[in-house]
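I opened the model to take notes on its surface, its overall make-up and its strands. The entries follow in the order in which I looked things up.

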2 protein chains.
Amino acid sequence: MFAEAQSDPSLSKEAYEAQEARLRVALLKAQYERLERAERALLIVVAGIDGAGKGATINLLNEWMDPRHIQTLAFGPPEPDEQERPPMWRYWNELPAKGRTGIVFGSWYVPLLLEAARKKPRQRRIEAHAEAIRRFEAVLSADGVQIIKLWYHLSDKAQAERTERLLASPETAWQVTPADRKVRKKYDRLCDAGRLAIGLTNGAHAPWVVIPSADDRLRAVRTSEAVLAALRQRAAPRVDPAYAGPPAKPARGARRLEQLDYDAHIDKDDYETVLGLLQGRLARAVRSPDFRRRSLVLVFEGQDAAGKGGTIRRVTHALDARQFDITPVSAPARHELARPYLWRFWRRLPRQGRIAIFDRSWYGRVLVERVEGLAAPAAWRRAYTEINDFERQLAEHGAIVLKFWLAVTADEQLRRFREREQSPFKHFKITPDDWRNRKKWREYGAAVDDMLARTDSAHAPWHVIPSNDKRYARVQVLRHIVAALEDSL
Amino acid sequence: MFAEAQSDPSLSKEAYEAQEARLRVALLKAQYERLERAERALLIVVAGIDGAGKGATINLLNEWMDPRHIQTLAFGPPEPDEQERPPMWRYWNELPAKGRTGIVFGSWYVPLLLEAARKKPRQRRIEAHAEAIRRFEAVLSADGVQIIKLWYHLSDKAQAERTERLLASPETAWQVTPADRKVRKKYDRLCDAGRLAIGLTNGAHAPWVVIPSADDRLRAVRTSEAVLAALRQRAAPRVDPAYAGPPAKPARGARRLEQLDYDAHIDKDDYETVLGLLQGRLARAVRSPDFRRRSLVLVFEGQDAAGKGGTIRRVTHALDARQFDITPVSAPARHELARPYLWRFWRRLPRQGRIAIFDRSWYGRVLVERVEGLAAPAAWRRAYTEINDFERQLAEHGAIVLKFWLAVTADEQLRRFREREQSPFKHFKITPDDWRNRKKWREYGAAVDDMLARTDSAHAPWHVIPSNDKRYARVQVLRHIVAALEDSL
């Protein structure tokens, strides 16, 4: 894998100059064509041996390409606000738009490489890191982000010589970092770590390229050639299914919406008392010191007019305004369409001690987008797996994730639609879309049942609430939230 | 000011019900009309006595209006990432788009109110807080954000009664916060603080409205009426000049661009050595422990083809990729046009220990937007003051702000344009815009001289660098950066 790079090949000045003009013109042309098409973003992950000149890649690409359409995405140790979200959060946040290029330093490979370069690597951690990387790259690759990964490599002798050469002159000595000086001692372990990481994550859809780095000219040419080949690749590659994780299997065959007890109700007199007591328990739970290290993610889905808004208000009534955010989800905006589907939801994840409420959610892909044909079948089928993985990352990081489907019968929905039409201040809640959706009641029902069967998990359970009696539904939702919080804290 | 609210007026159930339907219909209508026009955002600042039911305002407005177009912006004590930027950063970050409504809790009034409610308020701090608020609200009001401020008020007796009533039942006792219980003791000081804050910041363009809050029904009606009046106000109000701060006066009358020594140059042989040594000093300065509590903001402006890109690469060559961000500035995108002009620059401010590099900047408003007529004369004239205030906030928070104008002569520009046209890989750098701008050389020159005269300040100085010799310019820029860093650290 590293054989060629280990031999420290070089390129003569003449050969380099012959290549330079050709490569620069070709890179610019390829960059503009991609911008024009705006079909996929390109992420260039930079890794390799310290002191191999990785940093020079930024200046090279910014000089040879049009730098206005390149972002350098460089990450150090996670900042406090980054530590409060799952590890992949900061990478999701910075994804470039379709057509654009990102150069990634300090990427999602750092934890894997650090573990693999330990004296005694812990096998289970390595496998967990690799698994997280494979899933992440699979989601991106399938959804509009192309990835190439460059490993900068040279022999330990060349590395040491380069370091000494730089140190010899005050004009260049500052370029040597403490890490560069330590390379020789740890060289073999770094090579092994790289070999392992590459072996575990070298998918055809997100390939590694080893760049011989002992010679500045050859490094520049090989980097450019790798980027050029990536820019020119038009067809989105097929993602290796082994990388995407197993498809989400239905948890059970039951058709859940039909089996609900829609007559469930609560007496009006009891309602206010029960609601107030539950709100009190909720208020206490989220103010408890234990909650400061957790977070709460609430998803509200349901048929039109099922009562999501009113239910959410009963929940937020118990919360301090500084503690929660409500994200109403509708059709994605232009800049959201330019990123993978889950991007806009990742951006709304709560800090620790906070509550994120989604009024509709990432489930739109397997509901409205599926039924209305807004997402291709491959995209919404893939989404079950992607969503499960997303929610697993939340839960593993300490978020309590609860999902509610507020279910009404077709008759009750009709009654509410009519009531809304007649009310001067509820009229806005009913649109031609609502009536159109209603005509597809059966298709939506099938999509909901599929969704419930494939995305109900222990770490992010669905609660399906019969909501023909709004008060009953509100009390049930609060009950589930309070129970989950009291159990977890 | 508080006389009516202090008398705890109330509204009968009948009177309330007669108002409710009318207000809800009117609020919705007004909200949709504003969304449709999308001319201004509306910020509703919520403040007042604890336990006056401020929080209920969120639920009220979300129930009576269309909640999909309302954002609740609630702020607690600043988080670590917020402390790393100037105090107003987090408010700038969250500004809603034109047409939309934001309800602000924990607003920019908190520091002023806390200071004013102290046993011995410090007059100078009060004045500084008030001044910062007035400037902030003046910038927003003049640039597409309408502001109303609601003060929720009731007598100390009514407050205590309300608290006791809530405490009497387990269904409502949880609504009482520790702050609510302390009100009675500090009531007079809270009233005085409110009176003072309102007096210092009650501009016609950002008015305060006192909401009597002892009675839930009256509070709801008065809140709705205040919001309704604001939503209906079509014309952007004239901002009181006393609030915007004094207009930026020219620092000197000299025409600086004409007085430069464009023959300044550096020998090619010296260049590499000097550059390397300066880069070394820069690298050491930004890696020093002292820099971890500062940040660096570099602005690069200049005529087309003056060499900004090449200069920036010589600077970043000395930096760790994790330490800097380059923001290339071009015409604002749609979602940026929906916010005040400075919004997109506020969002790019560096953390502590980081460097933000702007390739073109907020000076576009007084350069290209002025010359090309993209900003109204009132807008670009106002911008000098707004920009000075913005940079002052950065500097006061510890940022080192340096601004460079790279100056070439018209002849040299022409030579570079032709060279670019003939180079297969520099061709992309020259566009019809460049030739068009060149025809307005004189107008741009006048705009630059005005800009230099009005925005050159001790805390954010301009360095005008003759750049006919690119190498000379690069070395000069590095010299200034290194000197400023070494002086400050």
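Surface first. I looked up the exposed area of chain A and got about 21,400 Å². Carbon and sulfur atoms supply 50% of that area. I note here that this is a predicted model.

Burial next. Chain A has 489 residues, and 56% of them count as buried, where buried means under 20% relative accessible area.

Charges. I found 83 positive and 65 negative side chains in chain A. The centres of the two sets lie 1 Å apart.

Overall make-up. I looked up the elements of chain A and noted 21 helices and ten strands. Along the principal axes, the C-alpha atoms of chain A fill a box of roughly 85 × 45 × 40 Å. I then took the contacts in chain A between residues at least 6 apart in sequence: 82% of these join residues at least 24 apart.

Then I moved to chain B and its five-stranded sheet. The sheet is open, its pairing is parallel, and its order is β2-β3-β1-β4-β5. Which strands stand at the edges? I found β2 (70–74) and β5 (208–212) of chain B there. Each has a single partner strand, so one side of each is left without a neighbour in the sheet. On average, neighbouring strands of this sheet are turned by 25 degrees against each other, direction ignored.

Inside that sheet I checked one pair. Strand β1 (residues 41–48) of chain B runs parallel to strand β3 (residues 101–105) of chain B, and four bridges join them. For the register, I noted B:Leu43 opposite B:Gly102 in β3(B).

I also looked for a helix against these strands. Helix α7 (residues 123–142) of chain B lies across β1 and β4 (145–153) of chain B. Helix α7 of chain B runs at about 130 degrees to β4(B).

Last, strand β10 (residues 462–466) of chain B. How many of its five residues are buried? I counted five of the five, so β10 of chain B is largely enclosed by the rest of the structure. I split the residues by direction: B:Trp462, B:Val464 and B:Pro466 point one way from β10(B), while B:His463 and B:Ile465 point the other way. Both sets are buried.

For a partner of β10(B), I found strand β9 (residues 399–407) of chain B, which runs parallel to it and is joined to it by five bridges. In this pair, B:Ala407 stands opposite B:Pro466, one of the buried residues noted above.

Conventions:
Residues are numbered from 1 along each chain as its sequence is written. Chains are lettered from A and ligands numbered from 1 in the order in which they are written. This is a predicted model: local features need pLDDT of at least 70, side-chain atom pairs count only at pLDDT 80 or more; totals for chains, interfaces and linings use all residues. Side-chain values use heavy atoms; hydrogens and water are left out. Helices (H or I, at least four residues) and strands (E, at least two) are DSSP runs, numbered from the N terminus. Buried means under 20% relative accessible area, exposed over 50%, partly exposed in between (1.4 Å probe, protein chains only). Contact means heavy atoms within 4.5 Å. Accessible areas come from the Shrake-Rupley method with a 1.4 Å probe; for residues, only the protein chains shown count as cover. Lys and Arg count as positive and Asp and Glu as negative; His and the chain ends are not counted. The place of a charge is taken as NZ of Lys, CZ of Arg, CG of Asp or CD of Glu. Two strands pair if DSSP finds at least two bridges between them. Axes are lines fitted to C-alpha atoms, for helices over the stretch in contact, and angles run from 0 to 180 degrees between N-to-C directions.
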